[in-house]
Amino acid sequence: MSDLPTAVLGRTGETVTNLAYGAMELRGRVPGRGGRDVTPEAASAILNAVLDAGINMIDTSPDYGPSEELIGASIAHRRSEYFLASKCGCPINPPAGERPPHVFTRQNVRAGVEQSLRRLQTDHLDLVQFHISPSRAELEKNDSVAELVELQREGKIRFIGMSGVLPNLTDHIAMGVFDAFQIPYSALERDHEGAIHDAVAAGAGAIIRGGVARGLPVAPTEVIERLPEQFRATYVRRRDLWDEAGLDEVLDGLTRMQFMLRFTLSHPDMTTTIVGTANPAHLADNVAAAKQGPLPADQLSEAKRRLSAVAEAQAAA
């Protein structure tokens, strides 16, 4: 029995650990975006370590290179131990090095789910989420949700979700058809703080992504400088916000990673937060931090006060 905190994922009624595993790190090296090669042996080791640590939710996508195949090969025999989430609308078998647009036709949605089932070596996906936040108009034009409902009727998927961002996320919540939302949120990217509450108030579960990876300002300068320009600018902006808010002064003995993860866990409406790594030591650190739960109220309040003050000053400039 895991001693990780748990919560119910909205109207799904499923109990998931507050820490989920994001399998994007298993995609390996991506041209122009960095990453490290991951051997099948290393993937098996980290995935089994995830389950051994008591984490019971795994999130992946056809967009994450060989991630789905590695999960299937490594832990399909432990399928009863985890709630499995993937995405749809992704390109099917895109040419190497190319990133075609996502397509949300019923045909592509079904083809993607069928492909994921084969790769993951399972007869059902617990949650299928539309990827990259398609607009409500695009979903309705393609009758995309109806295809997931049909797949649900066939027993191939259990619940329907959306990996969404503002402004489309507001419409997604209003549609009333999604059982769970995957939403970006971290101490340094709080734009969706209110949307998380709105999603949960509508009865859905809230899966947080980017709570550490999108916000942790610890990448060495030489690493940041090697990133493509669009990613480099984002990392610099987060690092500058951290420094301007003086968040090192409120860590109170925590590492930056521990602070970032526990800040995310402090959102009162979050169900689970996704953290991905291919490093067993980093996984152990994440699990230990998650077991500590939310930040103390005074520490959280001071951090938010500092971050809000910086945001207000920037808006007034």
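# Exercises on a predicted model

R78 is found in the loop between α2 (67-75) and β5 (83-88), where helices (H or I, at least four residues) and strands (E, at least two) are DSSP runs numbered from the N terminus. The model is a predicted one, in which local features need pLDDT of at least 70 and side-chain atom pairs count only at pLDDT 80 or more, while totals for chains, interfaces and linings use all residues. Residues are numbered from 1 along each chain as its sequence is written, and side-chain values use heavy atoms, with hydrogens and water left out.

**Exercise 1.** Decide whether R78 counts as buried or exposed, and find which residues R78 touches.

*Solution.* Begin with the cut-offs: buried means under 20% relative accessible area, exposed over 50%, and partly exposed in between (1.4 Å probe, protein chains only). The relative accessibility of R78 is 14%, so this residue counts as buried. Next, take a contact as heavy atoms within 4.5 Å; leaving aside residues up to four places away in sequence, R78 touches N48, L51 and D52. Finally, the side chains of R78 and N48 make a polar contact at 3.0 Å, a term for a pair of N or O atoms within 3.5 Å in which, within protein, one must be able to donate a hydrogen and the other to accept it, and residues adjacent in sequence count only if both atoms are side-chain atoms.

**Exercise 2.** Describe the surroundings of strand β9 (residues 205-209).

*Solution.* Start with its cover: four of the five residues of β9 are buried. Then look at its pairing, for which DSSP must find at least two bridges between two strands. Strand β8 (residues 180-184) runs parallel to β9 and is joined to it by five bridges, with A206 in β9 as the bridge partner of F181. Strand β10 (residues 272-275) also runs parallel to β9, through two bridges, and here T273 in β10 is the bridge partner of I208.

**Exercise 3.** Work out how compact the protein is for its 317 residues.

*Solution.* First note the elements, twelve helices and ten strands. The radius of gyration is 19 Å, close to the 20 Å that the globule rule gives for 317 residues, so the protein is as compact as a globular protein of that length; the radius is taken over C-alpha atoms, and the rule is 2.2 Å times the number of residues to the power 0.38. Lastly, 50% of the 317 residues count as buried.
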